[in-house]
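Ready for some practice in reading a protein model? Open the sequence and structure below, and work through each exercise before you look at its solution.

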Amino acid sequence: MSAVTRAQTPFIEQMLPPEVYRQAVDQADLAISITDAKANILFANDAFTRVTGYSKEEIVGLNESTLSNHTTPPELYKALWSDLAAQKPWSGKLLNRRKDGELYLAELSISPVVDAAGKTSHFLGMHRDITELHRLERLVANQKHLIESVVDAAPIAFALLDPNGRVILDNQEYKKLVTDLRVKEPAHTVLDGLIPGWREILPISPQQLVVSNREARIDRAAGRARWLSMTSSVIGMHSDCADSYFCAAGQPGLLLVIADITNLRDEQERARASALQAVLAEEERTAAIREGLSATIFRLEEPMNVMSSAISVLQRRDPASAAMLQQALSGSREHMEALRQVIPQSPQEIVVSVNMNEILRDVLEVSTPRLLAAGIVVDWQPASTLPAILGRPLQLRMLFKALVDNAIEAMNIKGWKRRELSLTSELNGDCIVVSVLDSGPGIPQDWRYKAFEPFFTAKGGSGKHIGTGLSRAQQVVADHGGIIDLDESPSGGCAAIVEFRVDGDPI
């Protein structure tokens, strides 16, 4: 004994009369019975009669098996008597029947009483009716199973994050996202794209992370982009530690509901791509007219400048001829000015927030027919997430379409076998870097700067290829504060590298 020594026990027993022991057992709220070694009941307290419905006079002398419903598995009884025979206490649940025939579930504890000779003389049994507790436990278990089944069968992904950002609950759709996106936690990937500073906000102020139907695009190196719509809410959670029993406060969790809207967005993208293709085709046609007329005016100004010089010489020698020539020159300049007036103007776009991956995806969508016709294999390796930059979407699409068109033309040579186009985007420090690499003939070193001169082309020239449109491309890059450079690709072709600062400042 710990608090009371054995030497003190007789003294305590003298202080407590035997009647106190009987009253304590009789008035206990727990059903207590004492049997002989054969389980015949010798004593039952008041709680026992309340639970079983038998009075003391009726139950004393009967065997404990009187209470059994006889549906308990035999293996349970074998284990019970095996433990008792070894003078070990046994605890378990038995299905019993009250005097009125009503069934109840009893949580039972039986202890052998050993006499001075070391033999089991009696058994002390204590049990309580746990029928209602069992019903509530089953109800909770059924509801839990039902909720888990519904959540798992739901066509949308669920993820519950604790204040540290750990996913502590998810469903089957969420596990599918793990496989499809090839990331450890899709919830983190989506939050990184929508709310970059969420990790610092979550433990302090999770309410700031509550959003509704926010869409995130997840680009993958292998496979089409995935569009996910996220709705989040704060869920109150309570600690299961013992020391939190009297504390109502708990730490909230963040519940994410993630729906895959890729098919819906694909339908929208197809419609948008058709409209975009028409806009880009119209802009290309307009740009071709603009460049053609500008080139014509540029070429015509050379002989007109010669005529102007000739007039200056003739005014001293032959004023009449000089006057006629001046009249013709003035008329020509009027016609040239009229020609300038009809040159289509570049579209005036407003500056908006732009996702560079979406721009590149649009260009690939529009260029797909040409790529397929030329038998070009595309390696599209976008960054999974990119910060948005301020820019003019149509101009940026024209920029990268010009680079892709030049790459297609470079490789679309009769007899050219290797036809591969690599398009990548990445975040390098505070810059977004886009690379367009082809496996064509490449560019001579001394042409890499000439390629950006207006009207420069080497088509049909020396076997090396530089297409048109690069001067326009350079102008778009400059308008957005970026830089463009031409280099040799790993395959020996051309590599066009474009860089933009995320903050929009010029590089």
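## Exercise 1: strands around β17

Asp485 stands opposite Ile497 in β17. This is a predicted model, in which local features need pLDDT of at least 70 and side-chain atom pairs count only at pLDDT 80 or more, while totals for chains, interfaces and linings use all residues. Residues are numbered from 1 along each chain as its sequence is written, and side-chain values use heavy atoms, with hydrogens and water left out.

**Task.** Find which strands β17 is joined to, and how many bridges join them.

**Solution.**
1. Strands here are DSSP runs of E with at least two residues, helices are runs of H or I with at least four residues, and both are numbered from the N terminus. Two strands pair if DSSP finds at least two bridges between them.
2. Start with β16 (residues 483-488): 6 bridges join it to β17, and the two run antiparallel.
3. The hairpin of β16 and β17 has 5 residues between the strands, and Gly492 there takes a positive phi near 95°.
4. Now turn to β15 (residues 431-438), which is joined to β17 (residues 494-501) by 7 bridges, again antiparallel. Here Val434 stands opposite Val498.

## Exercise 2: the open sheet

**Task.** Work out which strands stand at the edges of the 5-stranded open sheet.

**Solution.**
1. Write down the order, β2-β1-β5-β4-β3, with antiparallel pairing.
2. β2 (41-44) and β3 (90-97) each have a single partner strand, so one side of each is left without a neighbour in the sheet. From one strand to the next, the twist averages 30°.
3. Check one pairing: β1 (residues 31-36) meets β2 over 3 bridges in the antiparallel sense, with Thr35 opposite Ile41.
4. Then add helix α5 (residues 74-85), which lies across β3, β4 (103-114) and β5 (120-129) and runs at about 135° to β3. Such angles run from 0 to 180 degrees between N-to-C directions, with axes fitted to C-alpha atoms, for helices over the stretch in contact.

## Exercise 3: an aromatic pair

**Task.** Find the aromatic pair and decide whether its rings are stacked or edge-to-face.

**Solution.**
1. A search of the whole structure finds 1 aromatic pair.
2. Trp81 and Phe123 form this pair, at 6.0 Å centre to centre and 80° between the planes.
3. Rings of Phe, Tyr and Trp (its six-membered ring) pair if their centres lie within 6.5 Å; planes under 30 degrees apart are stacked, over 60 edge-to-face, and the rest tilted. The pair is therefore edge-to-face.
4. Trp81 belongs to helix α5 and Phe123 to strand β5, 42 residues apart.
5. Trp81 is partly exposed because its relative accessible area is 40%, whereas Phe123 is buried at 7%. The cut-offs are under 20% for buried and over 50% for exposed, with partly exposed in between (1.4 Å probe, protein chains only).

## Exercise 4: two helices that cross

**Task.** Describe how α13 and α14 cross, and which residues meet.

**Solution.**
1. The axes of α13 and α14 come within 9 Å and cross at roughly 145°.
2. Gln395, Leu396, Leu399, Leu403 and Asn406 in α13 meet Leu470, Ala473, Val476, Val477 and Asp479 in α14; contact means heavy atoms within 4.5 Å.
3. In α14 (residues 470-479), the buried residues include Leu470, Ala473, Val476 and Val477.
4. Finally, look at Asp405 in α13 (residues 393-411). Asp405 is buried, with a relative accessible area of 11%, and beyond its neighbours within four places in sequence it is in contact with Glu284, Ser367 and Arg370.
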